[in-house]
Amino acid sequence: MTFSTPFSLFLLLIPSPISKPTTTAASPSPYSPRLPKTKIPSSSSVLRCSSLSAYGCNCRSRSLPAAPVRHAQGIHNVAGEKDHSAYLSEELFDAHLTPLGWQQVDNLHKHVQACGLLKKVELVVVSPLLRTMQTAAGVFGGGSYKDGIDVPPLMVANVGDSDRPAISSLNSPPFLAVELCREHLGVHPCDRRRSIHEYPPLFPAIDFSLIENDDDVLWTADVREKNEDVAARGMKFLNWLWTRKEKEIAVVSHSGFLFHALSAFGNDCHPSVKKEICKNFANCELRSMVIVDRGMIGSDSSTTNYPGKIPNGLDLPSGVANEKKHHHKEKGAAH
């Protein structure tokens, strides 16, 4: 794959002044993601970094508003946080959402309606796995589906043993499944997708036309994708986003993918800014951000961020769990 003349991008990470009802004064509100208190040298109140070179677009004056979302709590999050070896279980193949995960979806859906983001989003890009498509349909879909409405449902009833009614595509943006924004590939069955022909009966209004292979040829049982390869795939995905004509795009993906894709940003920024950009996503967390070229100067503040994990539940990403496991082993060996 070849790309045209390079252009410089930077990331605007936009804080969201949202307050959560019924919280104690002693604990910071998860509805109030704030910038670090450390003073950051900048001519604007917006976080501004210019740390990567991307390719494939000649639109130097264009900005790209994006709303990345991590999927809600899946059965693999619960099982894997209790026992990391559970990630190897075939019982978690193409993991679906938990009941608590669906509560998280419902709360984020209310948020995107209340803040107006649902009306602004022109395209929902989603990883073609059960948990991400369930999350995308529940958050950005049109609500309960009713017979007699002449539009296909985004999701039929009871997908993934969810006991959920069908979700309508009425008044919803287009949904497009894209392989590039999948989770770490390989080894963990929860990250292996089904054959593509199995999904349209479950998600009739999602467009799967960009996926080339029916079988999951990207996932291998014995090799886990390296972090640097996930980051490179993230850059390819961002390049692809820049080819889209839509002005506001929601991306429903996974913790590992989003973490490594955004890690390319902020290397020339204040360390606290880098930390804010690259921290792990909570389940069902939404962050509003704008990717622009170096010539762009600022942005309006946003009320569309959402901290996720509401209700609270186990959501440790498999990569973090694995690092903790190795850390404990090394610590034990040292003693």
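## How α2 passes α4

In this predicted model, helix α2 crosses α4 in a right-handed way. The α2 helix covers residues 99–114 and α4 covers residues 130–140. Their axes sit 7 Å apart, and the two helices pack at an angle of about 40 degrees.

Who touches whom here? On the α2 side you'll find Trp102, Val105, Leu108, His109 and Val112. They meet Gln134, Thr135, Gly138, Val139 and Phe140 of α4. Sort the residues of this contact by type and you get six nonpolar, four polar and no charged.

## A look at α5

Next up is α5, a helix of 16 residues running from 227 to 242. From first C-alpha to last, α5 reaches 23 Å, close to the 22 Å expected at 1.5 Å a residue.

Plenty of names turn up on the buried list for α5: Val230, Arg233, Gly234, Met235, Phe237, Leu238, Asn239, Trp240, Leu241 and Trp242.

## Where α5 meets α6

Helix α6 takes in residues 255–262, and its axis comes within 8 Å of the α5 axis. The two cross at roughly 75 degrees. Angles of 65 to 115 degrees count as roughly perpendicular, so that is the label for α5 and α6.

From α5, the contact draws on Asn227, Val230, Ala231, Arg233, Gly234, Phe237 and Leu238. From α6 come Gly256, Phe257, His260 and Ala261. The mix for this contact is six nonpolar, four polar and one charged. Some α5 names here are also buried, among them Val230, Arg233 and Phe237.

How values were computed:
Residues numbered from 1 in each chain as written. Predicted model: local features only at pLDDT ≥ 70, side-chain atom pairs only at ≥ 80, totals over all residues. Heavy atoms only, no water. Helix = DSSP H or I, 4+ residues; strand = E, 2+ residues; numbered from the N terminus. Expected span 1.5 Å × (residues − 1). Buried < 20%, exposed > 50% of the residue type's maximum accessible area, 1.4 Å probe, protein only. Axes fitted to C-alpha atoms, helices over the stretch in contact; angles between N-to-C directions. Parallel < 35°, antiparallel > 145°, perpendicular 65-115°, else oblique. Contact = heavy atoms within 4.5 Å. Nonpolar A, V, L, I, M, F, W, Y, C, P; charged D, E, K, R; others polar. Left-handed = near helix turned anticlockwise from the far one by under 90°.
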